[in-house]
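Visitor: Please show me the structure, and then let us go through its features one by one.

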Amino acid sequence: MEAVITEAKSLDKYKDVTFVVVKDFDDLSVAHQARTFNEADAVVMVHGQHMANAIYAVDGTSFVGVGCSGTVPLIGNPRFMELMDSSYKHVSKCKEDNEDDSEACTVCQDDDHFTMTQAAFEKMIDAMLINA
């Protein structure tokens, strides 16, 4: 994913977008985790326990959970998003007929390891920017 993010950072269409990459939230203090979510206009992250930091996000933050599972995590609960005046999108494993990158999806090696094509990543970011 690092190569995909690095490529996106270099594109003119994202010149006004700041990408902040956190590889492991366990390496950050709770205060730093809270600040990271509070300062974000949008959060894209792997499904997991650190999505609970959404409570520190400001109203209107867009969230995207990515992974291989088709299960939407609790943060994707429409009532929770409504309370925060926020939005949630779930991006999961590509369908076999997605050879033209027509959807933002993940390419899964197994349940815990995935990547995205450059086109899928850009499609996901573009959709977030439209909704922002």
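The questions and answers below deal with disulfides, nonpolar cores, a helix, a pair of strands and aromatic rings.

Visitor: Before we start, what kind of model is this, and how many disulfides does a search of the whole structure find?

Guide: This is a predicted model. One of the disulfides joins C68 and C108, whose sulfur atoms are 2.2 Å apart, and another joins C94 and C105 with a sulfur separation of 1.9 Å. When the bonded cysteines of the protein chain are numbered in sequence order, the pairing reads 1-4, 2-3. The number found in the whole structure is 2.

Visitor: Is the disulfide of C68 and C108 left-handed or right-handed?

Guide: This pair links distant parts of the chain, with C68 in the loop between β2 (62–66) and α3 (78–83) and C108 in strand β4 (residues 107–108), 40 residues apart. Because the torsion about the S-S bond of C68 and C108 is about -115°, the disulfide is left-handed.

Visitor: And which handedness does the disulfide of C94 and C105 have?

Guide: C94 and C105 both lie in the loop between β3 (87–91) and β4, so their pair ties together parts that are 11 residues apart in sequence. The torsion about the S-S bond of C94 and C105 is about 90°, so this disulfide is right-handed.

Visitor: Does C105 count as buried or exposed?

Guide: The cut-off for a buried residue is under 20% relative accessible area. C94, at 22%, therefore counts as partly exposed. C105 has a relative accessibility of 1%, and so it counts as buried.

Visitor: Which element supplies the largest share of the largest nonpolar core?

Guide: The largest nonpolar core has 17 residues, and those with the most contacts inside it are F19, F121, M124 and I125. At least two residues of this core come from each of α1 (2–9), β2 and α4 (118–131). The largest share, 5 residues, comes from α4.

Visitor: What should the 14 residues of α4 span, and what distance separates its end C-alpha atoms?

Guide: The expected span is 1.5 Å times one less than the number of residues, which for the 14 residues of α4 comes to 20 Å. The end C-alpha atoms of α4 agree with this expectation, as they are apart by 20 Å.

Visitor: Against which elements do the buried residues of α4 pack?

Guide: The buried residues of α4 are A120, F121, E122, M124, I125 and M128. These residues pack against α1, β1 (42–46), β2 and β3.

Visitor: Which residues of β1 point to one face and are buried?

Guide: In a regular strand the side chains alternate between the two faces of the sheet. β1 pairs with β2 in the parallel sense over 5 bridges, and A42 has S62 as its bridge partner in β2. Along β1 the side chains alternate, with A42, V44 and V46 pointing to one face and not buried, while those pointing to the other face and buried are V43 and M45.

Visitor: Among the aromatic pairs, how are the planes of F25 and F37 arranged?

Guide: The structure holds 3 aromatic pairs. The rings of F25 and F37 have their centres 5.7 Å apart and their planes at 50°. Planes under 30 degrees apart count as stacked and those over 60 as edge-to-face, with the rest counted as tilted, and so the pair of F25 and F37 is tilted.

Technical notes. Residues are numbered from 1 along each chain as its sequence is written. This is a predicted model: local features need pLDDT of at least 70, side-chain atom pairs count only at pLDDT 80 or more; totals for chains, interfaces and linings use all residues. Side-chain values use heavy atoms; hydrogens and water are left out. A disulfide is a pair of cysteine sulfur atoms within 2.5 Å. Helices (H or I, at least four residues) and strands (E, at least two) are DSSP runs, numbered from the N terminus. Buried means under 20% relative accessible area, exposed over 50%, partly exposed in between (1.4 Å probe, protein chains only). A nonpolar core is a set of buried Ala, Val, Leu, Ile, Met, Phe, Trp, Tyr and Cys residues joined through side-chain atoms within 4.5 Å. Contact means heavy atoms within 4.5 Å. Two strands pair if DSSP finds at least two bridges between them. Rings of Phe, Tyr and Trp (its six-membered ring) pair if their centres lie within 6.5 Å; planes under 30 degrees apart count as stacked, over 60 as edge-to-face and the rest as tilted.
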